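Subject: Handover of a structure

Dear colleague,

Please find below the sequence and the structure that I am handing over to you. My findings follow directly after them.

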Amino acid sequence: MSVLPLVFTSGWASGINAYAVVLLLGVFGATGLTDEVPESLQRPDVLIVAAVLFLCEAVADKIPYVDSVWDTVHTVIRPVSGAVVGALLAGQSGSMSDLAAGALGGSTALASHTVKAGTRMAVNTSPEPVSNFVMSTAEDLGVGGIMAFAMYYPKAAAIIAAVLLVLGLLLLFFLIRRIRRFLRRRAQRREEKRLAREAPPPS
(Lines give C-alpha, C1' and ligand atoms only; values in the text may rest on other atoms or scores of the structure.)
Protein backbone atom coordinates (compact mmCIF):
# COMPACT_ATOMS: atom_id res chain seq x y z
CA MET A 1 0.00 0.00 0.00
CA SER A 2 3.06 2.31 -0.04
CA VAL A 3 2.02 3.87 -3.34
CA LEU A 4 -1.53 4.63 -2.18
CA PRO A 5 -0.76 8.18 -0.90
CA LEU A 6 0.90 9.13 -4.19
CA VAL A 7 -2.02 7.69 -6.17
CA PHE A 8 -4.49 9.70 -4.09
CA THR A 9 -2.49 12.92 -4.39
CA SER A 10 -1.99 12.52 -8.14
CA GLY A 11 -5.72 11.83 -8.52
CA TRP A 12 -6.62 14.99 -6.62
CA ALA A 13 -4.15 17.01 -8.69
CA SER A 14 -5.35 15.46 -11.97
CA GLY A 15 -8.84 16.75 -11.28
CA ILE A 16 -7.42 20.26 -11.28
CA ASN A 17 -4.76 20.05 -13.99
CA ALA A 18 -4.18 16.59 -15.46
CA TYR A 19 -1.54 17.75 -17.92
CA ALA A 20 0.56 19.31 -15.16
CA VAL A 21 0.47 16.02 -13.23
CA VAL A 22 1.64 13.96 -16.20
CA LEU A 23 4.34 16.51 -17.01
CA LEU A 24 5.60 16.78 -13.43
CA LEU A 25 5.62 13.03 -12.82
CA GLY A 26 7.46 12.49 -16.09
CA VAL A 27 10.06 15.11 -15.25
CA PHE A 28 10.50 13.77 -11.71
CA GLY A 29 11.04 10.28 -13.06
CA ALA A 30 13.31 11.31 -15.92
CA THR A 31 15.56 13.35 -13.63
CA GLY A 32 15.84 10.53 -11.10
CA LEU A 33 14.03 12.32 -8.26
CA THR A 34 11.81 9.29 -7.75
CA ASP A 35 11.67 5.63 -8.75
CA GLU A 36 7.86 5.49 -8.48
CA VAL A 37 7.17 6.91 -11.96
CA PRO A 38 6.82 4.32 -14.74
CA GLU A 39 8.85 4.61 -17.93
CA SER A 40 5.72 5.27 -20.00
CA LEU A 41 5.29 8.67 -18.33
CA GLN A 42 8.94 9.57 -18.89
CA ARG A 43 8.90 9.18 -22.66
CA PRO A 44 9.91 12.37 -24.54
CA ASP A 45 6.79 12.33 -26.72
CA VAL A 46 4.54 12.09 -23.64
CA LEU A 47 6.39 14.96 -21.98
CA ILE A 48 6.16 17.14 -25.09
CA VAL A 49 2.42 16.55 -25.55
CA ALA A 50 1.79 17.13 -21.83
CA ALA A 51 3.82 20.37 -21.92
CA VAL A 52 1.94 21.71 -24.95
CA LEU A 53 -1.46 20.86 -23.46
CA PHE A 54 -0.41 22.33 -20.12
CA LEU A 55 0.42 25.63 -21.84
CA CYS A 56 -2.96 25.56 -23.60
CA GLU A 57 -4.71 25.00 -20.28
CA ALA A 58 -2.64 27.70 -18.58
CA VAL A 59 -4.05 30.22 -21.07
CA ALA A 60 -7.64 28.96 -21.38
CA ASP A 61 -7.99 28.53 -17.63
CA LYS A 62 -7.42 32.23 -16.99
CA ILE A 63 -10.07 33.60 -19.36
CA PRO A 64 -13.58 34.11 -17.92
CA TYR A 65 -16.20 31.71 -19.34
CA VAL A 66 -13.56 30.05 -21.53
CA ASP A 67 -12.36 28.32 -18.37
CA SER A 68 -15.83 26.88 -17.75
CA VAL A 69 -16.03 25.59 -21.33
CA TRP A 70 -12.58 24.06 -20.89
CA ASP A 71 -13.70 22.42 -17.64
CA THR A 72 -16.78 20.99 -19.34
CA VAL A 73 -14.65 19.41 -22.06
CA HIS A 74 -12.34 17.93 -19.40
CA THR A 75 -15.11 16.40 -17.30
CA VAL A 76 -14.15 13.03 -18.76
CA ILE A 77 -10.47 13.69 -19.51
CA ARG A 78 -9.38 14.55 -15.97
CA PRO A 79 -10.95 11.54 -14.18
CA VAL A 80 -9.67 9.20 -16.90
CA SER A 81 -6.21 10.72 -16.60
CA GLY A 82 -6.31 10.31 -12.82
CA ALA A 83 -7.34 6.68 -13.21
CA VAL A 84 -4.64 5.92 -15.78
CA VAL A 85 -1.89 7.61 -13.77
CA GLY A 86 -3.04 5.78 -10.62
CA ALA A 87 -3.00 2.42 -12.39
CA LEU A 88 0.43 3.12 -13.86
CA LEU A 89 1.86 4.10 -10.48
CA ALA A 90 0.45 0.95 -8.90
CA GLY A 91 1.77 -1.21 -11.73
CA GLN A 92 5.19 0.31 -11.22
CA SER A 93 5.40 -0.59 -7.53
CA GLY A 94 3.27 -3.70 -7.56
CA SER A 95 2.00 -2.88 -4.06
CA MET A 96 -1.68 -2.66 -4.98
CA SER A 97 -3.87 -3.79 -7.83
CA ASP A 98 -4.09 -1.66 -10.97
CA LEU A 99 -7.88 -1.75 -10.81
CA ALA A 100 -8.06 -0.44 -7.24
CA ALA A 101 -5.48 2.27 -7.97
CA GLY A 102 -7.32 3.32 -11.10
CA ALA A 103 -10.60 3.52 -9.20
CA LEU A 104 -9.00 5.60 -6.45
CA GLY A 105 -7.23 7.96 -8.83
CA GLY A 106 -10.24 8.37 -11.10
CA SER A 107 -12.78 8.95 -8.33
CA THR A 108 -10.51 11.43 -6.54
CA ALA A 109 -9.90 13.26 -9.81
CA LEU A 110 -13.64 13.42 -10.49
CA ALA A 111 -14.28 14.87 -7.04
CA SER A 112 -11.58 17.54 -7.32
CA HIS A 113 -12.64 18.34 -10.90
CA THR A 114 -16.20 18.90 -9.65
CA VAL A 115 -14.89 21.32 -7.03
CA LYS A 116 -12.75 23.14 -9.59
CA ALA A 117 -15.49 23.42 -12.21
CA GLY A 118 -18.10 24.47 -9.66
CA THR A 119 -15.99 27.16 -8.01
CA ARG A 120 -15.03 28.51 -11.43
CA MET A 121 -18.71 28.88 -12.31
CA ALA A 122 -19.15 30.85 -9.12
CA VAL A 123 -16.10 33.00 -9.89
CA ASN A 124 -17.47 33.71 -13.37
CA THR A 125 -20.50 35.36 -11.83
CA SER A 126 -18.16 38.22 -10.97
CA PRO A 127 -17.78 40.74 -13.82
CA GLU A 128 -14.03 41.34 -13.36
CA PRO A 129 -11.42 38.95 -14.82
CA VAL A 130 -8.80 39.27 -12.08
CA SER A 131 -10.36 36.58 -9.89
CA ASN A 132 -10.08 34.02 -12.71
CA PHE A 133 -6.38 34.76 -13.14
CA VAL A 134 -5.75 34.56 -9.40
CA MET A 135 -7.71 31.29 -9.03
CA SER A 136 -5.97 29.67 -11.99
CA THR A 137 -2.51 30.71 -10.83
CA ALA A 138 -3.22 29.45 -7.31
CA GLU A 139 -4.41 26.12 -8.71
CA ASP A 140 -1.30 25.73 -10.89
CA LEU A 141 1.03 26.58 -8.01
CA GLY A 142 -0.91 24.32 -5.65
CA VAL A 143 -0.73 21.33 -7.99
CA GLY A 144 2.97 21.86 -8.63
CA GLY A 145 3.80 22.36 -4.95
CA ILE A 146 1.84 19.39 -3.64
CA MET A 147 3.07 17.03 -6.36
CA ALA A 148 6.67 18.05 -5.64
CA PHE A 149 6.03 17.62 -1.91
CA ALA A 150 4.53 14.18 -2.58
CA MET A 151 7.81 12.98 -4.08
CA TYR A 152 9.48 13.26 -0.67
CA TYR A 153 6.58 13.10 1.79
CA PRO A 154 3.75 11.16 0.06
CA LYS A 155 1.69 10.55 3.19
CA ALA A 156 1.80 14.18 4.32
CA ALA A 157 0.96 15.34 0.79
CA ALA A 158 -2.01 12.95 0.66
CA ILE A 159 -3.31 14.36 3.95
CA ILE A 160 -3.03 17.91 2.60
CA ALA A 161 -4.79 16.89 -0.62
CA ALA A 162 -7.57 15.20 1.37
CA VAL A 163 -8.09 18.29 3.54
CA LEU A 164 -8.19 20.56 0.48
CA LEU A 165 -10.66 18.21 -1.22
CA VAL A 166 -13.00 18.21 1.78
CA LEU A 167 -12.77 21.99 2.16
CA GLY A 168 -13.44 22.38 -1.56
CA LEU A 169 -16.53 20.17 -1.42
CA LEU A 170 -17.85 22.13 1.57
CA LEU A 171 -17.23 25.41 -0.26
CA LEU A 172 -18.97 24.08 -3.35
CA PHE A 173 -22.00 23.15 -1.25
CA PHE A 174 -22.36 26.77 -0.14
CA LEU A 175 -21.82 28.06 -3.69
CA ILE A 176 -24.47 25.87 -5.34
CA ARG A 177 -27.20 28.53 -5.06
CA ARG A 178 -24.97 31.14 -6.70
CA ILE A 179 -24.02 28.72 -9.46
CA ARG A 180 -27.68 27.90 -10.14
CA ARG A 181 -28.50 31.60 -10.50
CA PHE A 182 -25.59 31.98 -12.90
CA LEU A 183 -26.76 29.04 -15.03
CA ARG A 184 -30.33 30.38 -15.12
CA ARG A 185 -29.14 33.82 -16.24
CA ARG A 186 -26.93 32.29 -18.91
CA ALA A 187 -29.81 30.15 -20.20
CA GLN A 188 -32.06 33.22 -20.21
CA ARG A 189 -29.51 35.22 -22.22
CA ARG A 190 -29.21 32.41 -24.75
CA GLU A 191 -32.99 32.26 -25.10
CA GLU A 192 -33.19 36.02 -25.58
CA LYS A 193 -30.53 35.88 -28.29
CA ARG A 194 -32.36 33.03 -30.02
CA LEU A 195 -35.64 34.92 -29.97
CA ALA A 196 -33.90 38.04 -31.28
CA ARG A 197 -32.47 36.09 -34.21
CA GLU A 198 -35.82 34.51 -35.00
CA ALA A 199 -37.79 37.75 -34.71
CA PRO A 200 -39.06 39.05 -38.10
CA PRO A 201 -37.40 42.24 -39.34
CA PRO A 202 -39.40 45.45 -38.90
CA SER A 203 -41.52 46.35 -41.93
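**Findings**

Y65 sits in the loop that connects α2 (44-60) with α3 (66-93). Please keep in mind throughout that this is a predicted model. Most residues other than glycine have a negative phi. Y65, although not a glycine, has a positive phi of about 75°. Its relative accessible area is 39%, so Y65 counts as partly exposed.

**The chain as a whole**

The chain contains six helices and zero strands. Read from the N terminus, its elements follow the order α-α-α-α-α-α. The C-alpha trace spans about 75 × 35 × 30 Å along its principal axes. Of the 203 residues in the chain, 43% are buried. About 10700 Å² of the chain is exposed, and carbon and sulfur atoms supply 72% of that area. If one takes the contacts between residues at least 6 apart in sequence, 75% of them join residues at least 24 apart.

**Salt bridges**

Side chains of opposite charge can pair when their charged atoms come close. In this chain there are nine salt bridges. One of them joins D61 and K116, with the closest N and O atoms 3.0 Å apart. D61 lies in the loop between α2 and α3, whereas K116 lies in helix α4, so this pair ties together parts that are 55 residues apart in sequence. Both D61 and K116 are buried.

K116 also forms a salt bridge with E139, at 2.6 Å from N to O. This pair links distant parts of the chain, as E139 belongs to helix α5 (residues 130-152) and K116 to helix α4, 23 residues apart. E139 is buried, as is K116.

E139 in turn meets R120 in a salt bridge of 3.0 Å, N to O. Because R120 lies in helix α4 and E139 in helix α5, the pair ties together parts that are 19 residues apart in sequence. R120 and E139 are both buried. Through shared partners, salt bridges join D61, D67, K116, R120 and E139 into one network.

**Two further buried residues**

E57 is located in helix α2. Its relative accessibility is 1%, so E57 counts as buried. Leaving aside residues up to four places away in sequence, E57 touches I16, N17, Y19, W70, H74 and R78.

A101 lies in helix α4 (residues 98-123). With a relative accessible area of 0%, A101 is buried. A101 and T72 are 29 residues apart along the chain, and their C-alpha atoms are separated by 25 Å.

**Helix α6 and the charges**

L170 has its place in helix α6 (residues 154-198). L170 is partly exposed, with a relative accessible area of 46%. Although L170 and V115 are 55 residues apart in sequence, the distance between them in space is 9.1 Å, C-alpha to C-alpha.

R181 is also in helix α6, and at 37% relative accessibility it counts as partly exposed. Which residues gather with R181 in a patch of positive charge on the surface? They are R177, R178, R180, R184, R185, R189, R190, K193 and R197. For the chain as a whole, the mean positions of the 18 positive and 15 negative charges are 13 Å apart.

Yours sincerely

Key: Residues are numbered from 1 along each chain as its sequence is written. This is a predicted model: local features need pLDDT of at least 70, side-chain atom pairs count only at pLDDT 80 or more; totals for chains, interfaces and linings use all residues. Side-chain values use heavy atoms; hydrogens and water are left out. Helices (H or I, at least four residues) and strands (E, at least two) are DSSP runs, numbered from the N terminus. Buried means under 20% relative accessible area, exposed over 50%, partly exposed in between (1.4 Å probe, protein chains only). Contact means heavy atoms within 4.5 Å. Accessible areas come from the Shrake-Rupley method with a 1.4 Å probe; for residues, only the protein chains shown count as cover. Lys and Arg count as positive and Asp and Glu as negative; His and the chain ends are not counted. The place of a charge is taken as NZ of Lys, CZ of Arg, CG of Asp or CD of Glu. Patches are made of residues with over 30% relative accessible area and no salt bridge: like charges are joined within 9 Å, nonpolar side chains (Val, Leu, Ile, Met, Phe, Trp, Tyr) within 5 Å. A salt bridge is a side-chain nitrogen of Lys or Arg within 4 Å of a carboxyl oxygen of Asp or Glu.
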